[in-house]
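Reader: I have a chain on my screen and would love a guided close look at one part of it. Could you walk me through how its helices pack, starting from the overall layout?

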Amino acid sequence: MKGLDYDRDGELARSGEVNMDLLKRLNRHPFYGQMPPKSLGREFFEENQKSLLKDLPIEDMLATFVEHIALQIALGISHLSKGKILVTGGGVRNKFLMERLQARTSHKVVIPEKQIIDYKEALVFAFLGLLRLEGKTNVLASVTGAESDSCSGQIWR
């Protein structure tokens with residue numbers, strides 16, 4: 001993978017094999033036992049990278065992380081009635097990840113058009129700004145874990 005910025009379409013991951021020991025260790029992480037709301041960022045993987053990855057070939061490491069992500073998303077939505085799930089963000093560009101997610105869930109994985117994926121965050125923050133401008137709630141305790149709902153942000157004129 002040297003010289004590559006990312007794994008285009010998940011092709012390197014597709015060529016690897018899942019390391020079951022690493023997969024089990026990832027899936028046992030205490031984060032998954034926490035009650036929502038919660039958030040898991042890339043810091044978890046960066047902090048644990050050296051101890052978890054050892055001497056795995058890059059293809060096997062990527063295959064294992066793809067399987068881990070697909071499994072955890074599938075588990076996270078398993079309580080929902082069977083239907084469609086809208087998937088957005090950079091991960092949708094990883095075709096292998098989307099295939100593994102579809103294989104792990106009974107829901108229909110739906111990927112929106114490219115413009116929605118590329119501009120979702122900007123649209124959401126514009127909407128949050130509009131709510132702030134109107135003095136309406138734009139932070140939900142049920143989502144963020146805050147003590148109460150609030151109207152957050154600054155207006156600069």
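Reader: To get my bearings, how many helices and how many strands are there in the chain? After that, please take me to the place where α4 and α5 come together.

Author: Happy to! Please keep in mind that this is a predicted model. The chain holds seven helices and two strands, and reading along the sequence gives the order α-α-α-α-β-α-β-α-α. Its C-alpha trace spans about 55 × 35 × 35 Å along the principal axes. Of the 157 residues in the chain, 27% are buried. If you look at contacts between residues at least 6 apart in sequence, 61% of them join residues at least 24 apart.

Now to the part you asked about. The axes of α4 and α5 come within 9 Å of each other and cross at roughly 40°. Because of that angle, α4 counts as oblique to α5. The handedness of this crossing is right-handed. On the α4 side, the contact is made by V66, E67, I69, A70, L71, I73 and A74; on the α5 side, F96, L97, R100, L101 and R104 take part. Sorted by character, the residues of this contact are nine nonpolar and three charged, with no polar ones.

From here it is natural to step into the largest nonpolar core, which has 20 residues. I85, V87, M98, L101 and V109 are the members that touch the most others. The elements giving two or more residues to this core are α1, α2 (20–27), α4 (58–76) and α5 (95–104). The biggest share comes from α4, with five residues. You have met L101 already: this residue belongs to the α5 side of the helix contact and is also one of the core members with the most partners.

V109 is a good residue to click on next. Setting aside its neighbours within four places in sequence, V109 is in contact with I85, V87, M98, L101 and Q102. Among these partners, I85, V87, M98 and L101 are listed with V109 as the core members that touch the most others.

One last stop lies back in the segment before α1 (11–15), where you will find D9. This residue has a positive phi of about 60°, although D9 is not a glycine. Its relative accessibility is 23%, so D9 counts as partly exposed; the cut-off for buried is under 20%.

How values were computed
Residues numbered from 1 in each chain as written. Predicted model: local features only at pLDDT ≥ 70, side-chain atom pairs only at ≥ 80, totals over all residues. Heavy atoms only, no water. Helix = DSSP H or I, 4+ residues; strand = E, 2+ residues; numbered from the N terminus. Buried < 20%, exposed > 50% of the residue type's maximum accessible area, 1.4 Å probe, protein only. Core = buried A, V, L, I, M, F, W, Y, C linked by side-chain atoms within 4.5 Å. Contact = heavy atoms within 4.5 Å. Axes fitted to C-alpha atoms, helices over the stretch in contact; angles between N-to-C directions. Parallel < 35°, antiparallel > 145°, perpendicular 65-115°, else oblique. Left-handed = near helix turned anticlockwise from the far one by under 90°. Nonpolar A, V, L, I, M, F, W, Y, C, P; charged D, E, K, R; others polar.
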